[in-house]
Amino acid sequence: METATHHHVEVLTRLKTNLESCILGKSAEIELLLTAMLAGGHVLLEDVPGTGKTVLIKALARSIDGQFRRIQCNPDLLPSDITGVSIYHPKEEKFLFRSGPIMTNILLVDEINRATTKTQSALLEAMEEQHITVDGDIHELPSPFLMLATQNPIDFEGTYILPEAQLDRFMIKLSLGYPSEAAEKQMIASQSKAHPMEALHAVMDTTEVLAAQEQARNVHMDEAVSDYLVNITRKTREHQAVFLGASPRATLSLVLASKAYAFLKGREYVIPDDIKYLAPFVLGHRMILHSEARMDGATVNSVLGSIFEQVRVPVRLEK
């Protein structure tokens, strides 16, 4: 077991290095992306155009040698453009299912908030249950299945606000942000002749991804640490500044993400710091603050900060 775990940690380190060669200066964000992959969760990347969101996702697909499909969202996109359709075959006298781009390992849903809510709802079943239903027939998605959606900030032209039910199905929401000055200079030097993506090779395959996911799920979480996590999510529902707190699905997402993050760090157990670090990325987009609290300057991160101060951190005393 330990040998297998060590092997997967080594492979994941190579995968992280692979991605860092394409997206410079974003080590922490890449770790969060790999955490979601190990936990079997989906990721929402919200940022202004041109920060490398699409490049990062394509680099991940190439690095794990997985099937990759892309959906470019716009107001004309239909649900059947995502899931696929059943087409009548005259010769065989029956309907045949022609799958859509969702039948893949890595699905990039680009600018998801430019699609209408009806089209966005076509993704809900796939995100939660790993299958789709077309004309009453259930079609299982490939495994692993990871959906990575990008969105422009809500106040951009032609965007829609994602419904809360869909936001709750994203395990992690993050932003890449602009690179540092040093990273931007390095980007110019490294991409003056060719894009690093062209030289990118797979460092693992989908079978190894599934095995690593299984190892991550087996990471130990002590009962005291588990209680600490549950107390945090429950406090989000009781805080006076919060209108809508984290759901039970959010609690489970934080458990899986914490285990995956610990595994990525080479540990076989979760520590409270894992939970505190991941909570803003896992719980933040699931929380809605009262308008009065926002007017008073409260933010999701400031509310989570106050919750961390209220919840006692488990400590083990050594004699």
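In this predicted model, C73 has a relative accessible area of 5% and is therefore buried, since a residue counts as buried when that value is under 20%. C22 is likewise counted as buried, because its relative accessibility is 5%. The structure holds zero disulfides, a disulfide being a covalent bond that links the sulfur atoms of two cysteines.

The strands β2, β5, β8, β1 and β9 form, in that order, an open sheet of five strands whose pairing is parallel. The edges of this sheet are taken by β2, which spans residues 68–72, and by β9, which spans residues 172–174; each of them has a single partner strand, so that one side of each is left without a neighbour in the sheet. From one strand to the next, the twist averages 15°. At the β9 edge, the pairing with β1 (residues 43–46) consists of three bridges between strands that run parallel, and within this pair L44 stands opposite K173 of β9. Helix α3, made up of residues 53–63, lies across four strands of the sheet, namely β1, β2, β5 (106–110) and β8 (146–151), and its direction makes an angle of about 170° with that of β5.

Helix α2 comprises 13 residues, from 27 to 39, and reaches 18 Å from its first C-alpha to its last, which is close to the 18 Å expected at 1.5 Å a residue. Because eleven of these 13 residues are buried, α2 is largely enclosed by the rest of the structure. The buried set consists of E29, I30, E31, L32, L33, L34, T35, A36, M37, L38 and A39. In general, an α-helix has 3.6 residues a turn, so residues three or four places apart point the same way. After α2 comes G40, and the phi of this residue is positive, near 70°.

A further buried position is found in strand β6, which covers residues 131–134 and includes H131. The relative accessible area of H131 is 11%, and this residue is therefore classed as buried. Its side chain makes a polar contact with the side chain of E125, at 3.1 Å, and the side chain of H131 also makes a polar contact with that of E129, at 3.1 Å. When neighbours within four places in sequence are left aside, the residues in contact with H131 are E125, A126, I138, H139, E140 and L141. E125 thus appears both among these contacts and as a polar partner of the H131 side chain.

How values were computed
Residues are numbered from 1 along each chain as its sequence is written. This is a predicted model: local features need pLDDT of at least 70, side-chain atom pairs count only at pLDDT 80 or more; totals for chains, interfaces and linings use all residues. Side-chain values use heavy atoms; hydrogens and water are left out. Two strands pair if DSSP finds at least two bridges between them. Helices (H or I, at least four residues) and strands (E, at least two) are DSSP runs, numbered from the N terminus. Axes are lines fitted to C-alpha atoms, for helices over the stretch in contact, and angles run from 0 to 180 degrees between N-to-C directions. Contact means heavy atoms within 4.5 Å. A disulfide is a pair of cysteine sulfur atoms within 2.5 Å. Buried means under 20% relative accessible area, exposed over 50%, partly exposed in between (1.4 Å probe, protein chains only). The expected span of a helix is 1.5 Å times one less than its number of residues. A polar contact is a pair of N or O atoms within 3.5 Å; within protein, one must be able to donate a hydrogen and the other to accept it, and residues adjacent in sequence count only if both atoms are side-chain atoms.
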